[in-house]
Amino acid sequence: MIEIKNLHKSYKMGSNSLHVLKGIDFSVEEGELVAIMGSSGSGKSTLLNILGMLDAADSGEYVLDGVPIKDLNETKAAQYRNKFLGFVFQSFNLINYKSAMENVALPLYYQRVGRKERQDKALKYLDQVGLKEWATHLPSELSGGQKQRVAIARAMAAEPKVLLADEPTGALDSKTSYEVMDLIQKINDDGNTILVVTHEEDIAHMCKRIVHLKDGVIVEDKKVKQVRAQQYV
Amino acid sequence: MFNRDRWSEIIQVLTTNWFRTLLTAFGVFWGILILIILLAAGKGLENGIRADFGDIATNTMFMWTQGVTKAYKGLPKERNFNFKVEDVDAIWQNVDGLRFVSPRNQSGGFRGASNVVRGLKTGTFSIYGDYPEIIKQQPMDITSGRFINHSDIQEKRKVAVIGTDVRKSLYEKEEEVLGSFIKISGVNFMIIGTYNKSNTDGDSDAQKDIYTPFTTFSQVFNRANNVGWMAITAVDGTPITNIKEQIFTLLKERHTIHPEDLRAIGHFDLFEEFSRVVRLFGALEFIAYFVGVLVLLSGIIGVSNIMLIVVKERTKEIGIRRALGEGPWSIKKQILMESIFLTIISGMAGIVFGAFLIYGVNYVLEMNGPVDMFVNPNVNLGVVVIALIILIVSGLLAGFIPANSAIRVRPIEALRAE
């Protein structure tokens, strides 16, 4: 599903250049649930941004579902993001003047799905995350856990190849975190490929594979026995 | 473009901060209002002046003889000469593009002694000898009877058409005028009609004229074949200004006057005066557009400014949308449409308010009777269409910079913005 070879990325900071990713080789099969761990500054967010086509690598190969991701202009990148990827952010990033349902329907709108079908689908995914009766509420009327579940529904609505979650539990208390992880595990059980960036050990162990990043290189890549979040809920 | 979601979003964005939207809209509203008012005021002034010209054939010049100022072919200077009846035919034959050539004679008038008598009543009036065509060059309403016709000219009938003021001073109120006789300088004329000039241009003597057939006048008042002056109208599309020199040259030749004697023939070119007025209104309209558009411009800058702030405020949202797969063009279109929508709505409000204002002014003008030189200020549909085009273009301009700044920020930076 994801194929990365010798990926490099550096940022210009004034006269200094900061080498963030120093040759990453990494691949993900379909249906995997991968945790990317590392301390801050290890390059894990940068890696996720490149995977999410929000940022471009300086050199190296990136193939997503057989499509080489290279030299994209903004229009093309937007199309690929919409088609291939679903994003879940630490700060939820819901659009605050749109209702939960409108937020979920947004990626479908960019796919030019008809209005009625869009609403039906949005409701279906809201139902999956257990928030159907909150469909008409604005994000400001939802709790943090609910917001993140709406964000997950939104990310899933476009039926992406890969779900990218950047610290999805970072702004949540542990109980809500487990609820969200439970949801993510269930989505993964349905066969979806998911990447989770986190720095919390317990969250990482709820995935099936952990990739450790340190100073821009992968120092450890191991399969783990998945801890089900269900039992903590 | 006609997409329900896009429109509901535009409404959502613009109504989030009502007061700010309203203030911004006011700038455009004010600009277009000023533009409309200026144009309407210019039009009112133009209508007023045009009403002063009335339905007079404006492609007309009046021509008379003055003293000769250059000796020529053995003839001395400072002699006097007269146009002759034969000159009229000569003009017709030698100059193309003419509509009317009316020779005229006049006697009496403001300085004369009493010259018209009816029974015990007397009065002082201007007496004209005219051809029937003069009524088309200087229109008047025939209130009873008829005007002079060609049979009158051919048979040299002693008939006259009198103005309403003449009737007032010579007749009792209920008296029958048509068919009665008045004595002009001792000669009896039968009244065949009365007239009233609606367009007096402030001339209090306008209703005090008496018109008689040209031929009758010449014979009765011993003018032989002399012509006092001429009123010449050219056909529409051929300005009299362009052909008057031909006429002068012809007449100078016929009367043995030096071709370069500029003072021998005096004239008043109504068309030139009229064109000057028309040009003045062209300039006035230009100034109205100039000032109006400049005022509008400051409104537009206000819109642009607010759109920049809106884009800044929504940086994060734009980042989210781009992460979800919205293309840059779609975002650009959204910002542009918001700007155009805001501009057009406030502009339309300005146009509508301006229309009501003009309606009100017209109403007041009608209630209080005519004001000199200001009639029926209005803007026509063409102006409204032009204003709308200006609005759309300016909405585009106002949104252009903000829209570009919206897509210039890379999605990853936009997402990080707080």
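Visitor: How many residues does each chain give to the contact between chain A and chain B?

Guide: Two residues are in contact if their C-beta atoms, placed from the backbone, lie within 7 Å, and on that basis the contact takes 18 residues from chain A and 17 residues from chain B. This is a predicted model, in which local features need pLDDT of at least 70 and side-chain atom pairs count only at pLDDT 80 or more, while totals for chains, interfaces and linings use all residues. Residues are numbered from 1 along each chain as its sequence is written, and chains are lettered from A and ligands numbered from 1 in the order in which they are written.

Visitor: Which element gives the largest share of the side of chain A that touches chain B?

Guide: Helices (H or I, at least four residues) and strands (E, at least two) are DSSP runs, numbered from the N terminus. Helix 2 of chain A gives the largest share of that side, six residues, and the elements that give two or more residues are helix 2 (74-84) and helix 3 (100-110) of chain A.

Visitor: How should I read the packing angle of helix 2 and helix 12 of chain B?

Guide: Axes are lines fitted to C-alpha atoms, for helices over the stretch in contact, and angles run from 0 to 180 degrees between N-to-C directions; under 35 degrees counts as roughly parallel, over 145 as roughly antiparallel, 65 to 115 as roughly perpendicular and the rest as oblique. Helix 2 (residues 18-53) and helix 12 (residues 381-408) of chain B pack at about 155 degrees, with their axes 11 Å apart, which means that helix 2 of chain B is roughly antiparallel to helix 12 of chain B. The contact is made by Ile32(B), Leu35(B), Ile36(B) and Leu39(B) of helix 2 of chain B, together with Val383(B), Ala387(B) and Leu391(B) of helix 12 of chain B.

Visitor: Which residues have the most contacts inside the largest nonpolar core?

Guide: In soluble globular proteins, nonpolar side chains tend to be buried together. A nonpolar core is a set of buried Ala, Val, Leu, Ile, Met, Phe, Trp, Tyr and Cys residues joined through C-beta atoms within 7 Å, where buried requires 20 or more other C-beta atoms within 10 Å of a residue's own, exposed 12 or fewer, and partly exposed lies in between. The largest such core has 120 residues, and those with the most contacts inside it are Ile36(A), Val104(A), Leu195(A), Ile32(B) and Ile36(B); its largest share, twelve residues, comes from helix 2 of chain B.
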